[in-house]
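Hi,

Here is the structure I promised to pass on. Please have a look at it first, and then read my notes below.

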Amino acid sequence: MSINLKKFGKRIAIRRTELGISQKELAELVCLSATHLSNIENGKSTPSFNTFVDLCDTLKTSADYFLCGAVHPDVSQEIMSKIQLCSDNEREKVSQILDIFIK
């Protein structure tokens with residue numbers, strides 16, 4: 001599988017912006033220089049595996065979204081983004097609510 005680094009970086013920048021995090025703040029949170037993060041977001045650099053995991057965790061986003069652009073083909077990114085912002089307890093409540101709708 002070939003990864004388009006420009007799209008990959010753009011997805012990181014979009015998610016960072018959605019969460020209201022500056023590039024400098026995100027760089028500090030994942031222990032990178034702001035320049036290196038900028039290079040990742042512009043498709044000029046590839047993050048290490050550990051940095052990639054830290055980005056996913058910090059931005060509360062699945063690896064699938066950053067790598068492929070889709071979380072799940074049948075679920076909108078807006079819904080997934082909102083769910084990913086929830087705590088584990090809140091996600092459990094969302095799951096219970098969905099179970100009620102399904103029944």
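L98 is partly exposed, as its relative accessible area is 44%, a value between the 20% and 50% cut-offs. This leucine sits in helix α7, which covers residues 88-102. Together with I97, F101 and I102, L98 makes a nonpolar patch of about 480 Å² on the surface. Do keep in mind that this is a predicted model.

Stepping back to the whole chain: there are 7 helices and 0 strands, so DSSP runs give the order α-α-α-α-α-α-α from the N terminus on. The C-alpha atoms fill a box of roughly 50 × 30 × 20 Å along the principal axes. Of the 103 residues, 30% are buried. The chain exposes about 6800 Å², with carbon and sulfur atoms supplying 55% of that area. If we take contacts between residues at least 6 apart in sequence, 57% of them join residues at least 24 apart.

Now for the interior. In soluble globular proteins, nonpolar side chains tend to be buried together. Which residues have the most contacts inside the largest nonpolar core here? They are F8, I12, L26, L37, L55, L59 and F66, in a core of 15 residues. Helices α1 (5-18), α2 (23-29), α3 (34-41), α4 (49-58) and α5 (63-68) each supply at least two residues of this core, and α4 gives the most, with 3 residues. I12 is a good place to start looking: leaving out residues up to four places away in sequence, I12 touches L26, I40, E41, L55, L59 and F66.

You may also like the aromatic pairs, of which a search of the whole structure finds 2. In one of them, the ring centres of F8 and F52 are 5.7 Å apart and the planes are at 35 degrees, so the pair is tilted. This pair links distant parts of the chain, since F8 belongs to helix α1 and F52 to helix α4, 44 residues apart. F8 is buried, with a relative accessible area of 3%, and F52 also counts as buried, at 12%.

Y65 and F66 form another tilted pair, with 5.7 Å from centre to centre and 50 degrees between the planes. Are these two rings on buried or exposed residues? Y65 counts as buried at 9% relative accessibility, and F66 is buried with a relative accessible area of 0%.

Happy to talk any of this through.

Best wishes

Conventions: Residues are numbered from 1 along each chain as its sequence is written. This is a predicted model: local features need pLDDT of at least 70, side-chain atom pairs count only at pLDDT 80 or more; totals for chains, interfaces and linings use all residues. Side-chain values use heavy atoms; hydrogens and water are left out. Patches are made of residues with over 30% relative accessible area and no salt bridge: like charges are joined within 9 Å, nonpolar side chains (Val, Leu, Ile, Met, Phe, Trp, Tyr) within 5 Å. Accessible areas come from the Shrake-Rupley method with a 1.4 Å probe; for residues, only the protein chains shown count as cover. A salt bridge is a side-chain nitrogen of Lys or Arg within 4 Å of a carboxyl oxygen of Asp or Glu. Helices (H or I, at least four residues) and strands (E, at least two) are DSSP runs, numbered from the N terminus. Buried means under 20% relative accessible area, exposed over 50%, partly exposed in between (1.4 Å probe, protein chains only). A nonpolar core is a set of buried Ala, Val, Leu, Ile, Met, Phe, Trp, Tyr and Cys residues joined through side-chain atoms within 4.5 Å. Contact means heavy atoms within 4.5 Å. Rings of Phe, Tyr and Trp (its six-membered ring) pair if their centres lie within 6.5 Å; planes under 30 degrees apart count as stacked, over 60 as edge-to-face and the rest as tilted.
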